[in-house]
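Student: I have a structure to go through and don't know where to start. Can we talk it over?
Tutor: Yes, have a look at it and ask away.

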Amino acid sequence: MDKLAGSMDMLSSMQITADMEGLDLQSKLIFHNKEVLAVILKETVEEYKDYSRKEIMGFIEADSITDAKEVSAGRTNTVVQGDSTEFVHLNEKVAYFDLSFHARNPALSSKKVQFYLHIDIESQKTYQPGYPIEKRGIYYLARYLSSQLTLITEHTDYGRLEKCYSIWNCRDDIPKDMHYSISFYEIVNTKNTRGHAVKKEKYDLM
């Protein structure tokens, strides 16, 4: 089995969060550990399906892990340093990325050039919050994707855009028949005329 040896930081987080059901900030501490992130990414990120959890830990850029900052509200044409979660715009309600970071994309990277996956981990208290959580996820992804480019001009290179993942984890109020389930959403090409097919890497961004 693909097991990981836990670090002292991981043990401390597990002890701190053991009795904190419903306490949002404290329970998110566990996601700061690469051991936990590797388990999640192994099961949800297509690019990592053939890699061990230990290898995935090596792909994660620890210095890029950020949380508890103002997020996605407006200035999506602002470059975000280190995948900072901050997007601020006057008169807009502030939203938050729970935890964001980037990790190496082994499918596209080489020894000379590195490409990254931009990953957002969201910790959700209830499975049915009163609105379609899928729409919120798509909104977050759109903001996250647009943040990679500076002010748009006629010279903007959209080819620089790197793939974004938004992974939502529901902790508490889950219908019994949905326990331990995973749902996937992605951009897909569903129809082509005259036998023309576009390569997946050209549109597989969210």
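Tutor: One term to begin with: a salt bridge is a side-chain nitrogen of Lys or Arg within 4 Å of a carboxyl oxygen of Asp or Glu. Keep in mind also that this is a predicted model.

Student: How many salt bridges does a search of the whole structure find?
Tutor: The search finds 4. In general, side chains of opposite charge can pair when their charged atoms come close.

Student: Which residue does Lys200 meet in a salt bridge, with N to O at 3.4 Å?
Tutor: That partner is Glu46. Glu46 is in the loop between helix H3 (34-44) and helix H4 (53-59), while Lys200 is in the segment after S4, so the pair ties together parts that are 154 residues apart in sequence.

Student: Is Lys200 buried or exposed?
Tutor: Lys200 counts as partly exposed, because its relative accessibility is 32%. Glu46 is partly exposed as well, with a relative accessible area of 37%.

Student: What about Lys200 and Glu186? How far apart are the closest N and O atoms there?
Tutor: They are 4.0 Å apart, and the two residues form a salt bridge. Both Lys200 and Glu186 lie in the segment after S4, so this pair ties together parts that are 14 residues apart in sequence. Glu186 is partly exposed, with a relative accessible area of 47%.

Student: Which residues are joined into one network by salt bridges that share partners?
Tutor: Glu46, Glu186 and Lys200.

Student: OK, what does Lys163 pair with?
Tutor: Lys163 forms a salt bridge with Asp204, and their closest N and O atoms are 2.8 Å apart. This pair links distant parts of the chain, 41 residues apart: Lys163 is in the loop between H5 and S4, and Asp204 is in the segment after S4.

Student: Are Lys163 and Asp204 buried or exposed?
Tutor: Lys163 is buried, and Asp204 is buried too.

Student: Switching to pockets. What is the volume of the second largest pocket?
Tutor: It is about 390 Å³. The pocket is lined by 19 residues, and the closest to its centre are Glu47, Asn105, Leu108, Glu201 and Asp204. So Asp204 turns up again, this time as one of the residues closest to the centre of a pocket.

Student: How do the residues of that lining divide?
Tutor: The lining of the second largest pocket has 7 nonpolar, 2 polar and 10 charged residues.

Student: And how many cavities of 30 Å³ or more are there?
Tutor: The search of the whole structure finds 1. The largest cavity has a volume of about 40 Å³.

Student: Which residues line the largest cavity?
Tutor: They are Lys28, Phe31, His32, Asp67, Asp98, Leu99, Ile121 and Ser123. By class, that lining has 3 nonpolar, 2 polar and 3 charged residues.

Student: New topic, helix H5. What should its 14 residues span?
Tutor: At 1.5 Å a residue, helix H5 (residues 133-146) should span 20 Å, and its end C-alpha atoms are 20 Å apart, which agrees.

Student: Which residues of H5 are buried?
Tutor: Ile133, Gly137, Tyr140, Leu141, Arg143, Tyr144 and Leu145 are the buried ones. What covers them includes strand S2 (99-104), strand S3 (116-126) and strand S4 (164-173).

Student: Last one: where is Met178?
Tutor: Met178 is in the segment after S4. It is partly exposed, with a relative accessible area of 24%. The C-alpha atoms of Met178 and Tyr127 are separated by 9.1 Å, and the two residues are 51 residues apart along the chain.

Terms used. Residues numbered from 1 in each chain as written. Predicted model: local features only at pLDDT ≥ 70, side-chain atom pairs only at ≥ 80, totals over all residues. Heavy atoms only, no water. Helix = DSSP H or I, 4+ residues; strand = E, 2+ residues; numbered from the N terminus. Expected span 1.5 Å × (residues − 1). Buried < 20%, exposed > 50% of the residue type's maximum accessible area, 1.4 Å probe, protein only. Contact = heavy atoms within 4.5 Å. 1 Å grid on protein atoms, 1.4 Å probe; cavity = no way out; pocket = protein on both sides within 12 Å on 5 of 7 lines; lining within 4 Å. Points joined across faces, edges and corners; volume = space filled by probe spheres on them. Nonpolar A, V, L, I, M, F, W, Y, C, P; charged D, E, K, R; others polar.
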